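Colleague: I would like to learn how to read the features of a model such as this one, beginning with charged side chains along a helix. Could you take me through them one at a time?

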Amino acid sequence: MAKNSYRGGAYGGMNQAAMMKQAQKMQQDLIKMQAELETQTYTAASGGGVVRATVSGKRELTEVVIDPEAVDPEDVEMLQDLIVAAVNEALRKAEDASNQSMSRITGNLGGLGGMF
């Protein structure tokens, strides 16, 4: 085997400096995206809108609104189920938004020459 036969094939010919620059830009984009997502709120409703839950981009429950018509002392379990459903849906919306943003940034990982 000849000396110095490596020609950058493992990285698709991309030089290390360009690869590092692209990785640094991606890291900056991820930090910016995370900060933007944390300022967003996501609201979901259940029971035809009688229970609404809002979560932050940090996935913290920030508000629960319950329409008085949803309060039936004879059926507390139903109200509890509606709250859980609304909170879980709001959290799912926050997670979906995060995943979509991440995909936009990491969708170009192929530009790193197959490193990932």
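Modeller: Let us start with spacing along a helix, keeping in mind that this is a predicted model. Glu89 and Arg92 are three residues apart in helix α2, so about one helical turn separates them, and their side chains form a salt bridge in which the closest N and O atoms are 2.4 Å apart.

Colleague: Which other residue meets Arg92 in a salt bridge?

Modeller: The side chain of Asp96 does, with an N to O distance of 2.3 Å. Asp96 and Arg92 are four residues apart in helix α2, and therefore they too are separated by about one helical turn. Taken together, Glu89, Arg92 and Asp96 are linked in a network of salt bridges.

Colleague: How should I decide whether the members of that network are buried or exposed?

Modeller: One compares relative accessible area with two cut-offs, since buried means under 20%, exposed means over 50%, and partly exposed covers what lies in between. Glu89, at 27%, therefore counts as partly exposed, Arg92 is partly exposed at 39%, and Asp96 is partly exposed with a value of 31%.

Colleague: How many salt bridges does a search of the whole structure find, and which residue pairs with Arg59?

Modeller: The search of the whole structure finds four salt bridges. Arg59 forms one with Glu95, the closest N and O atoms being 3.0 Å apart. This pair links distant parts of the chain, for Arg59 lies in the loop between β2 and β3 while Glu95 belongs to helix α2, 36 residues apart. Arg59 is partly exposed at 32% relative accessibility, and Glu95 is partly exposed at 34%. The backbone of Arg59 also deserves a look, because its phi is near 65 degrees, a positive value in a residue other than glycine.

Colleague: What is the order of the elements from the N terminus on?

Modeller: The elements of the protein chain run α-β-β-β-α, with two helices and three strands in total. Of the contacts with a separation of 6 or more, 55% are accounted for by residues 24 or more positions apart. Buried residues make up 23% of the 116 residues in the chain.

Colleague: How would I read a buried position in a strand?

Modeller: Look at the accessibility and then at the partners. Val51 is in strand β2 and has a relative accessible area of 0%, which means that it is buried. Beyond its neighbours within four places in sequence, Val51 is in contact with ten residues' worth of listed partners, including Ala44, Val65, Leu79 and Ala86. The C-alpha atoms of Val51 and Val64 are separated by 7.2 Å, although the two residues are 13 apart along the chain. Ser56, also found in strand β2, is buried at 9% relative accessibility, and its contacts beyond the neighbours within four places in sequence are Gln40, Thr41, Tyr42, Thr62 and Ala94.

Colleague: And what should I look for on the surface?

Modeller: Look for side chains of a like kind that gather there. Asp72, Glu74, Asp75, Glu77 and Asp81 form a patch of negative charge on the surface. One of them, Glu74, lies in the loop between β3 and α2 and is exposed, with 74% relative accessibility. A nonpolar surface patch of about 300 Å² is made by Leu61, Val64, Ile66 and Val71. Within that patch, Leu61 is in strand β3 and is partly exposed at 47%.

How values were computed:
Residues numbered from 1 in each chain as written. Predicted model: local features only at pLDDT ≥ 70, side-chain atom pairs only at ≥ 80, totals over all residues. Heavy atoms only, no water. Patch = residues over 30% accessible without salt bridge, like charges linked within 9 Å, V, L, I, M, F, W, Y side chains within 5 Å. Areas by Shrake-Rupley, 256 points an atom, 1.4 Å probe, with all protein chains shown as cover. Lys, Arg positive; Asp, Glu negative; His and termini not counted. Charge placed at Lys NZ, Arg CZ, Asp CG, Glu CD. Buried < 20%, exposed > 50% of the residue type's maximum accessible area, 1.4 Å probe, protein only. Contact = heavy atoms within 4.5 Å.
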